Amino acid sequence: MGTCKRKTSIGGQAVIEGIMMRGPLVTSLCVRKPDGTIAQETWPTSSGGTPLFYKRTPFLRGIFNMVDTLRVGFRCLMRSAELSEMEEEEPSRFEAWLSRTLGKDLTSIVSTLAILLGVGLAVLLFIVIPTSLSSFLRPYISPFALSWVEGLVKILIFIAYLYFCSRQKDVSRLFGFHGAEHKTIACYEGLEELTVENCRKYTRFHPRCGTSFLFLVLLISILISSAVTWSNVLVRMLLKLLLLPVVTGVAYELIKLAGRYDNFLTRIISAPGLWLQRLTTSEPDDSQLEVAIAAMKLVIPENSQDDRW
């Protein structure tokens with residue numbers, strides 16, 4: 001619905017019963033509480049001043065921005081669980097001991113471990129398993145064809161993982177907030193007033209979505225991996241791991257390109273990710289749109305030029 005009339009840098013993330021929106025100056029977290037009210041928190045997006053060179057340099061900035069996004073996103077996910085009052089059950093003896101022992105450091109330690117486990121799972125699913133399975137075909141097909149077989153296995157694993165997640169009740173509700181985030185940003189980019197009625201009209205698919213970014217990472221990794229040796233499977237896995245920052249940097253620049261321009265090339269870049277968003281977003285209800293609108297309004301800068309993409 002509607003033509004995009006502005007390109008904003010504001011982006012967000014669905015969290016438990018809410019939305020995190022990240023603007024150029026302010027980041028917000030809005031969560032629907034059990035009593036129906038919306039808890040709201042804000043904090044500065046950055047520490048101020050000119051961003052460090054590695055956050056401004058093309059290809060290099062994608063690596064550091066991804067790490068920062070993971071860090072902030074997981075922190076907001078943990079905080080949303082608290083605000084939505086999902087953690088009301090009595091802690092176990094082990095949890096109580098950890099809390100007494102680690103004190104205020106517990107949250108940061110748990111966050112770090114969760115991120116490391118997430119990265120480890122990604123390496124297992126998208127490097128170790130595809131390369132190991134494809135290696136059985138080494139005697140029968142060329143290394144170039146083998147790389148594309150490996151890539152196909154990656155994509156199938158990715159789609160299967162998204163499909164499995166979308167079938168889970170709790171995750172399905174999270175995907176509704178994801179759709180609300182996209183609709184609200186699209187409404188803002190369409191220069192319409194941020195109301196539930198206006199936001200409802202817009203599509204739940206957006207070219208700057210993290211789903212699109214992840215698919216681009218997979219696709220670029222297939223292209224780059226086609227030049228990596230198959231003579232030793234373990235060496236191949238290690239080289240692919242070392243090349244991951246390169247893949248991430250290129251994918252980030254492409255997603256920025258797709259978010260900034262709307263032409264034949266960017267529509268090709270965006271198409272697979274937009275299709276996959278059918279799995280990672282769902283149509284939100286009005287209460288979810290209300291949360292997304294509240295989060296969005298908190299991060300819109302007074303100067304309309306500050307959030308230009």
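Q: In this predicted model, at roughly what angle do the axes of helix α9 and α10 cross?
A: Start with where the two helices sit: α9 covers residues 244-260, and α10 covers 264-280. Their axes come within 9 Å, and the crossing is at roughly 120 degrees.

Q: Is α9 roughly parallel, roughly perpendicular, roughly antiparallel or oblique to α10?
A: The axes of α9 and α10 cross at roughly 120 degrees. Roughly perpendicular stops at 115 and roughly antiparallel needs an angle over 145, so α9 ends up in the remaining class relative to α10, which is oblique.

Q: Which hand does the crossing of α9 and α10 have, left or right?
A: The pair in question has axes that come within 9 Å. The crossing of α9 and α10 is left-handed.

Q: How are α4 and α7 oriented, roughly parallel or roughly antiparallel?
A: Helix α4 takes in residues 143-166 and helix α7 residues 210-225, with axes 9 Å apart. They pack at an angle of about 165 degrees. Anything over 145 falls in one class, so α4 and α7 are roughly antiparallel.

Q: And what is the handedness of the crossing of α4 and α7?
A: We're still with the two helices packed at about 165 degrees. The crossing of α4 and α7 is right-handed.

Q: How far apart in space are Leu223 and Phe144, C-alpha to C-alpha?
A: Leu223 has its place in helix α7, and it counts as partly exposed because its relative accessibility is 47%. Along the sequence, Leu223 and Phe144 are 79 residues apart. In space, their C-alpha to C-alpha distance is 9.8 Å.

Q: Which helix gives the largest share of the nonpolar patch?
A: The patch is made by Val235, Leu238, Leu239, Leu241, Leu242 and Leu244, with an area of about 490 Å². One of these, Leu241, is found in helix α8 and counts as partly exposed at 37% relative accessibility. Five residues of the patch come from one helix, residues 233-242, and that is α8.

Q: How many residues apart are Arg71 and Asp68 in helix α1?
A: The side chains of Arg71 and Asp68 meet in a salt bridge, at 2.5 Å from N to O. Both belong to helix α1, residues 60-83, and are separated by about one helical turn because their spacing is three residues.

Q: Which of Arg71 and Asp68 is buried?
A: The cut-off for buried is under 20% relative accessible area. Arg71 has 44% relative accessibility, so it counts as partly exposed. At 13%, the buried partner is Asp68.

Q: What is the distance between the closest N and O atoms of Arg79 and Glu82?
A: Arg79 and Glu82 both lie in helix α1, three residues apart, or about one turn of the helix. Arg79 is partly exposed at 32% relative accessible area, and Glu82 is also partly exposed, at 40%. They form a salt bridge whose closest N and O atoms are 2.7 Å apart.

Q: The salt bridge of Glu283 and Arg204 ties together parts that are how many residues apart in sequence?
A: The side chains of Glu283 and Arg204 meet at 3.4 Å, N to O. Glu283 lies in the loop between α10 and α11, while Arg204 is in the loop between α6 and α7. Arg204 counts as buried at 15% relative accessibility. Because the two loops are well separated along the chain, the pair ties together parts whose spacing in sequence is 79 residues.

Q: Which residues are linked with Glu17 in a network of salt bridges?
A: Glu17 lies in the loop between β1 and β2 and is partly exposed, with 22% relative accessible area. In the network, Glu17 is linked with Arg173 and Asp285.

Q: Near what value is phi of Leu191?
A: Leu191 is found in the loop between α5 and α6, and at 49% relative accessibility it counts as partly exposed. Leu191 is a residue other than glycine, yet its phi is positive, near 65 degrees.

Q: How far is Gly12 from Ser28 in space, C-alpha to C-alpha?
A: Gly12 lies in strand β1, residues 11-15, and is partly exposed at 30% relative accessible area. Gly12 and Ser28 are 16 residues apart in sequence, and the C-alpha to C-alpha distance is 9.2 Å.

Note on methods:
Residues are numbered from 1 along each chain as its sequence is written. This is a predicted model: local features need pLDDT of at least 70, side-chain atom pairs count only at pLDDT 80 or more; totals for chains, interfaces and linings use all residues. Side-chain values use heavy atoms; hydrogens and water are left out. Patches are made of residues with over 30% relative accessible area and no salt bridge: like charges are joined within 9 Å, nonpolar side chains (Val, Leu, Ile, Met, Phe, Trp, Tyr) within 5 Å. Accessible areas come from the Shrake-Rupley method with a 1.4 Å probe; for residues, only the protein chains shown count as cover. A salt bridge is a side-chain nitrogen of Lys or Arg within 4 Å of a carboxyl oxygen of Asp or Glu. Helices (H or I, at least four residues) and strands (E, at least two) are DSSP runs, numbered from the N terminus. Buried means under 20% relative accessible area, exposed over 50%, partly exposed in between (1.4 Å probe, protein chains only). Axes are lines fitted to C-alpha atoms, for helices over the stretch in contact, and angles run from 0 to 180 degrees between N-to-C directions. Angles under 35 degrees count as roughly parallel, over 145 as roughly antiparallel, 65 to 115 as roughly perpendicular and the rest as oblique. A crossing is left-handed if the near helix is turned anticlockwise from the far one by less than a right angle, and right-handed if clockwise.
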